[in-house]
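Me: I'd like to go through this one by asking how each label was earned. Can you take me through the reasoning, starting with the charged pairs?

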Amino acid sequence: MLKEPPFLGGDFVGQSKGFEIIIASHYGMCFGVRDAITLAEKRAKSAKLTILGELVHNEVVREKMRSLGIREGDLFGTRASTREVLVTAHGASDQEKLRWEKMGYDLKDSTCPLVRKAHDSLASLVAGGYFPVVIGKKEHAEVRGLTGDFPDARVIEGMEDLKTLPIMPKYGVVSQTTQLIDRVRCLVSAMEEQFPESEVCFRDTVCQPTKNRQRALGELLGKCDLIVVVGGQNSNNSRELVKSARRAGVDSLLISQAGELSREKVCGRERIGVTAGTSTQKACVEKVVQAMEQLGGKCRRL
Ligand code: SF4
């Protein structure tokens, strides 16, 4: 008797021809996110815990945290429902941390060491008389943490924001850790052109795991006709991977889990590259690859 193939969601468009799946040489969860999850799980065993923000921009992980009884609160709010609160891997300004401690909360901190490095770089630039500039997403928790102790700091998301910068003799520039390094360098060069009389001191704070994933994506682009990025819709570095692929003229999809794949999405593709942002667990990527194999894919790793 013929066995019915598993239903993988989406409309059935016809059996897709076989395609190749190529997995990026670097993908998925970084040490900073992994350590933050480990700390949250450990703390939750001995105390009721509220995470101040999204621990990671990944719905699968957030759901697991909820299943352990861990609550989510607002870093910029005024109360949490547990005495113990946790700063996420994205970090927070000293001012915010102090505010929670002064309100009587027991503050634990899972800030990634590479986010701390970005904080230290900006602080040392400001101490050296440089005007603080952060390249990144204005509303992102990490960027708000970086600028929180420096009320004058300006955030640059794109070229149009450069026009809003005041003329200063010295600019100290850092970047959100998950920005695309080539884009960051482009913005720094544009600043140098816009202010030829000023000194622009740039400290590269894009983290190595992000750079590794961006470089690994570059290796896939010339070989694939579709890139599947596994990651949350709120994950900056996952979205950056999607944008990089599209800028290079390669179709790209952002999915958070295997259930979002369908035959329709892979139909007619010859070679599909798979990568994942730094907040995505490898097990989640494995499930996506298995789902693609069920749709006719044959996997090879770079
Ligand atoms: S993406 Fe980079 S900075 Fe952010 S948690 Fe991971 S290693 Fe740390």
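**Charged pairs and a pocket**

Reply: Sure. In this predicted model, the side chains of D161 and K138 form a salt bridge, at 3.0 Å from N to O.

Me: What makes the D161 and K138 contact a salt bridge?

Reply: The cut-off is a Lys or Arg side-chain nitrogen within 4 Å of an Asp or Glu carboxyl oxygen. D161 and K138 come in at 3.0 Å, N to O, so the pair qualifies. As background, side chains of opposite charge can pair when their charged atoms come close.

Me: Which parts does the pair of D161 and K138 tie together?

Reply: D161 sits in helix 6 (residues 159-162), while K138 is in the loop between strand 6 (131-135) and helix 5 (141-147), so the parts they link are 23 residues apart in sequence.

Me: Why does D161 count as buried or exposed, whichever it is?

Reply: Buried means under 20% relative accessible area. D161 has 8%, so it counts as buried. K138 has 35%, which puts it between the 20% and 50% limits, so K138 is partly exposed.

Me: How do you know that R269 and D251 meet in a salt bridge?

Reply: Their N to O value is 3.0 Å, and the limit is 4 Å, so the label holds. R269 is in the loop between helix 10 (263-266) and strand 12 (271-276), and D251 is in strand 11 (residues 251-255), so this pair ties together parts 18 residues apart in sequence. R269, at 22% relative accessibility, counts as partly exposed, and so does D251 at 41%.

Me: Which residues do salt bridges with shared partners join into one network?

Reply: E54, E59, R62, E63, R66 and E72. Overall, the structure holds 17 salt bridges.

Me: What about D109 and R116, why is that a salt bridge?

Reply: The N to O value there is 3.7 Å, and that is still within 4 Å, so D109 and R116 pass. D109 is partly exposed at 25%, as is R116 at 35%.

Me: Now the largest pocket. How much space lies in it, and which residues are closest to its centre?

Reply: About 330 Å³. Of its 17 lining residues, E54, H57, E139, H140 and A141 are the closest to the centre. The lining splits into four nonpolar, seven polar and six charged residues.

Me: How do you know where the largest pocket lies relative to domain 2 and domain 3?

Reply: Domain 2 (31-111) and domain 3 (114-202) both contribute lining residues, so the largest pocket lies between them. Strand 3 (71-73) and helix 5 each supply at least two residues of that lining.

Notes
Residues numbered from 1 in each chain as written. Predicted model: local features only at pLDDT ≥ 70, side-chain atom pairs only at ≥ 80, totals over all residues. Heavy atoms only, no water. Buried < 20%, exposed > 50% of the residue type's maximum accessible area, 1.4 Å probe, protein only. Helix = DSSP H or I, 4+ residues; strand = E, 2+ residues; numbered from the N terminus. 1 Å grid on protein atoms, 1.4 Å probe; cavity = no way out; pocket = protein on both sides within 12 Å on 5 of 7 lines; lining within 4 Å. Points joined across faces, edges and corners; volume = space filled by probe spheres on them. Nonpolar A, V, L, I, M, F, W, Y, C, P; charged D, E, K, R; others polar. Domains from an automatic or database assignment.
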